[in-house]
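Me: Please take me through this model, beginning with how its chains meet and then turning to the nucleic acid.

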There are 2 protein chains.
Amino acid sequence: MSTIANARSGEQGRSVSVKDVASAAGVSVGTVSNVLNRPDKVSPATLAHVQQVIGDLGFIRNDAARQLRAGTNRAVGMVVLDVRNPFFTDVARGVELRLGEHGRPLILGSSGQDAGRESTYLDLFEEQRVSGLLISPVGKVLPRLRRLRERGTAVVVVDRRTGSREFSSVAVDDVRGGRIAATHLIEAGRRRIAFIGGPQGLTQIKHRLRGAEAVVAEHPGTVLRFVETGTMDADAGRRGAESLLALPARERPDAIFAANDLVALGVLQALTLAGVRVPDDVAILGYDDIDFAASAAIPLSSVRQPREEMGSVATDLLLGAMEDPAAQVRDIVLEPELVVRRSTTG
Amino acid sequence: MSTIANARSGEQGRSVSVKDVASAAGVSVGTVSNVLNRPDKVSPATLAHVQQVIGDLGFIRNDAARQLRAGTNRAVGMVVLDVRNPFFTDVARGVELRLGEHGRPLILGSSGQDAGRESTYLDLFEEQRVSGLLISPVGKVLPRLRRLRERGTAVVVVDRRTGSREFSSVAVDDVRGGRIAATHLIEAGRRRIAFIGGPQGLTQIKHRLRGAEAVVAEHPGTVLRFVETGTMDADAGRRGAESLLALPARERPDAIFAANDLVALGVLQALTLAGVRVPDDVAILGYDDIDFAASAAIPLSSVRQPREEMGSVATDLLLGAMEDPAAQVRDIVLEPELVVRRSTTG
DNA sequence: AAACTTTCTTGAAACGAATCAAATCCACAG
DNA sequence: CTGTGGATTTGATTCGTTTCAAGAAAGTTT
């Protein structure tokens with residue numbers, strides 16, 4: 001009877017443990033553990049035999065137990081602002097690839113700009129005792145980040161600066177990006193530039209705008225108008241463009257610098273539907289250079305942020321901090337780069 | 001001396017455990033556990049007091065230990081084909097929202113169509129003993145799914161059918177989608193339709209094509225041409241469109257049905273750059289109805305797949321199977337829906 | 001006030017793998 | 001044949017929770 005039960009493979013039996021492997025292989029649990037974690041300490045014969053048994057029994061290490069005893073979760077947590085924006089999935093991809101090289105999984109969460117959801121993810125990561133955390137903060141999370149660090153979790157801030165000098169960070173020079181954008185448009189012969197994006201409260205927006213303003217100030221005869229929007233999606237771009245189309249012809253801009261590519265796509269749509277020619281009548285310049293920018297009906301010029309690189313650099317900082325908690329705090333600033341396509345070159 | 005050390009908050013001390021909470025609160029560990037897991041079994045006074053202490057000490061439950069003892073990870077794992085395709089992030093979003101209602105976290109992995117990466121994620125999920133798994137399979141994973149199920153992990157297949165009747169699944173009726181697409185184009189007065197997408201090996205492609213072919217067969221005077229591509233991204237669309245542009249004028253299609261919206265965007269770009277008017281000269285119809293379809297320069301008509309709904313329905317099936325492992329296997333087929341925009345209506 | 005209930009609280013026993021000091025094995029020199 | 005040192009292997013102990021039978025306390029009924 002019991003033989004039959006054991007033979008039935010549909011059974012939902014207790015899963016195989018190191019102990020089972022050990023007795024089946026005729027060795028001690030310590031040896032099985034060594035086979036798993038330091039194969040070089042085990043004689044070749046034993047190693048092969050135990051691995052064989054592990055395969056036969058279909059043993060899979062219980063990570064919860066490993067983690068409890070070892071005191072550390074190999075996983076790294078990441079909270080991004082919005083997984084629906086390709087910018088962030090690209091950064092996350094950079095992170096995941098680099099972590100993969102170190103055999104570490106990534107647990108990705110999206111806050112959707114919501115402080116509550118952000119907090120929920122932080123709870124999760126704390127309970128999971130992740131070994132590292134990458135975050136683009138939304139709410140006031142500094143105290144929590146400090147607590148995480150006290151508990152031994154390395155923390156790196158991505159695509160932002162915390163202001164305090166407590167955590168390493170990786171960001172792109174937005175003032176520079178703003179300068180690059182304005183310079184390009186002016187060199188392409190444009191004089192009346194509109195910047196569409198917002199909210200102005202975001203550091204990124206402020207900086208990009210400041211950079212663009214500085215350049216415009218250096219070029220007499222050029223003007224910059226700021227059209228603030230509440231969000232940074234295609235809809236915002238559409239609305240922003242429509243508000244510009246409503247202006248008297250003489251005041252209309254001949255170039256639009258969008259806060260990001262999503263906004264730029266919205267702008268492109270609104271202009272196209274209104275019969276405005278791009279780039280002939282109005283040039284459009286995006287920001288980020290997500291894949292969709294290159295795939296737009298009129299390929300979008302864009303200020304490229306090195307997205308995957310941000311991810312991999314942030315990961316390197318994190319891995320460094322994980323190895324040596326006393327490692328120096330570093331703020332790495334990457335350079336944006338202009339990618340010229342059809343939308344700005346008549 | 002030791003007092004000073006304790007007072008130093010920069011210390012990276014061993015973290016607070018239930019035992020610490022218990023002794024600080026003057027109760028037993030059992031009570032602390034009850035406060036955490038069945039607050040209703042604890043007297044209000046004790047409850048309040050213990051919660052206070054938990055807050056003061058900054059206690060955070062160690063999930064690895066919880067999991068080890070309880071034998072179950074609350075998390076659900078999901079492997080999608082490609083996080084960079086908004087279709088999948090939308091499905092994942094539906095999953096995450098529904099899981100959130102049950103206080104369960106989602107661990108999301110992207111296989112990128114690569115059987116190796118898919119397998120790595122399955123390893124991870126097995127080690128983590130996730131309680132449920134949602135997957136759009138790439139490689140030959142049936143044996144592994146069976147094993148996972150034997151171990152007590154519920155499994156639901158998303159956006160595919162396994163063929164075998166072993167696992168519940170959620171998919172959209174692709175033959176129907178193909179019919180809807182062709183019908184719409186023909187009713188809009190188009191006669192020469194091209195279907196761009198591939199590879200043909202994918203069931204989805206086969207079905208959409210079959211549906212479209214059936215409709216064309218029912219309408220004398222209409223023809224369908226299949227342009228196979230290796231991938232399903234914008235680049236494939238671009239190339240497919242270019243190959244059609246190379247045809248002699250009389251053979252050119254007056255409508256293009258793209259296998260998905262990414263492909264459709266690529267088609268739109270190629271046609272726009274070639275000076276072909278959309279929809280006047282050629283209509284374009286996409287599939288999926290991702291947000292970018294609505295945001296294209298010429299808003300794309302598309303066969304909408306209920307993405308978030310797929311996610312939530314799949315999650316419901318999964319939660320059901322988790323509660324009752326013997327629950328009946330169900331294949332749920334959702335209906336696609338036509339969304340008409342500018343790209344198909346002259 | 002005794003005899004029951006019902007409500008709370010207790011604390012020892014898991015869960016499964018990693019660790020590490022101690023035991024055993026083995027090859028080889030003396 | 002003994003002794004030595006390095007290479008392997010052993011197995012009891014530990015990690016932090018949850019669980020649950022049993023005990024204590026408080027309340028109710030007779």
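Me: How many residues does each chain give to the contact between chain B and chain A?
Reply: The model is predicted, so local features need pLDDT of at least 70 and side-chain atom pairs count only at pLDDT 80 or more, whereas totals for chains, interfaces and linings use all residues. Residues are numbered from 1 along each chain as its sequence is written, chains are lettered from A and ligands numbered from 1 in the order in which they are written, and side-chain values use heavy atoms, with hydrogens and water left out. Contact here means heavy atoms within 4.5 Å. Chain B gives 54 residues and chain A gives 54 residues.

Me: What area is buried between chain B and chain A?
Reply: Buried area is the accessible area (1.4 Å probe) that two parts lose on being put together, summed over both. Carbon and sulfur atoms give 50% of the area buried between these chains. The total is about 4,800 Å².

Me: Which residues of chain B lose the most area to chain A?
Reply: Three residues of chain B together account for 14% of what that side buries. They are I60(B), R84(B) and F292(B).

Me: Which residue of chain A forms a salt bridge with R84(B)?
Reply: A salt bridge is a side-chain nitrogen of Lys or Arg within 4 Å of a carboxyl oxygen of Asp or Glu, and the rule finds eight across the interface of chain B and chain A. In the one made by R84(B), the closest N and O atoms are 2.9 Å apart. The partner is D90(A).

Me: How many charged residues are on the side of chain B that touches chain A?
Reply: Ala, Val, Leu, Ile, Met, Phe, Trp, Tyr, Cys and Pro count as nonpolar, Asp, Glu, Lys and Arg as charged, and the others, Gly among them, as polar. This side of chain B has 23 nonpolar and 13 polar residues. The number of charged residues is 18.

Me: How many residues surround DNA strand C?
Reply: A residue is near a strand if one of its heavy atoms lies within 4 Å of it. The closest to DNA strand C are V18(A), R66(A), S28(B), T31(B) and T46(B). Of the strand's atoms within 4 Å of the protein, 66% belong to sugar or phosphate and the rest to bases. The number of surrounding residues is 25.

Me: How far from a phosphate oxygen of DNA strand C is an N or O atom in the side chain of T46(B)?
Reply: A phosphate oxygen of this strand lies 3.2 Å from a side-chain N or O atom of S33(A). For a polar backbone atom of S28(B), the distance to a phosphate oxygen is 2.9 Å. For the side chain of T46(B), the distance is 2.4 Å.

Me: How many residues surround DNA strand D?
Reply: The closest are S28(A), T31(A), T46(A), V18(B) and F59(B). By class, the surface near this strand has 10 nonpolar, 11 polar and six charged residues. The number surrounding DNA strand D is 27.

Me: Which residue has a side-chain N or O atom 3.1 Å from a base oxygen of DNA strand D?
Reply: V18(B) has a backbone N or O atom 2.6 Å from a phosphate oxygen of the strand, and N37(B) places a polar side-chain atom 3.2 Å from a phosphate oxygen. The residue at the base oxygen is R69(A).

Me: How far apart are the C-alpha centres of domain 1 and domain 2 of chain A?
Reply: Domain bounds come from an automatic or database domain assignment. In chain A, domain 1 covers 2–61 and domain 2 covers 74–172 + 308–335. Their C-alpha centres lie apart by 37 Å.

Key: A polar contact is a pair of N or O atoms within 3.5 Å; within protein, one must be able to donate a hydrogen and the other to accept it, and residues adjacent in sequence count only if both atoms are side-chain atoms.
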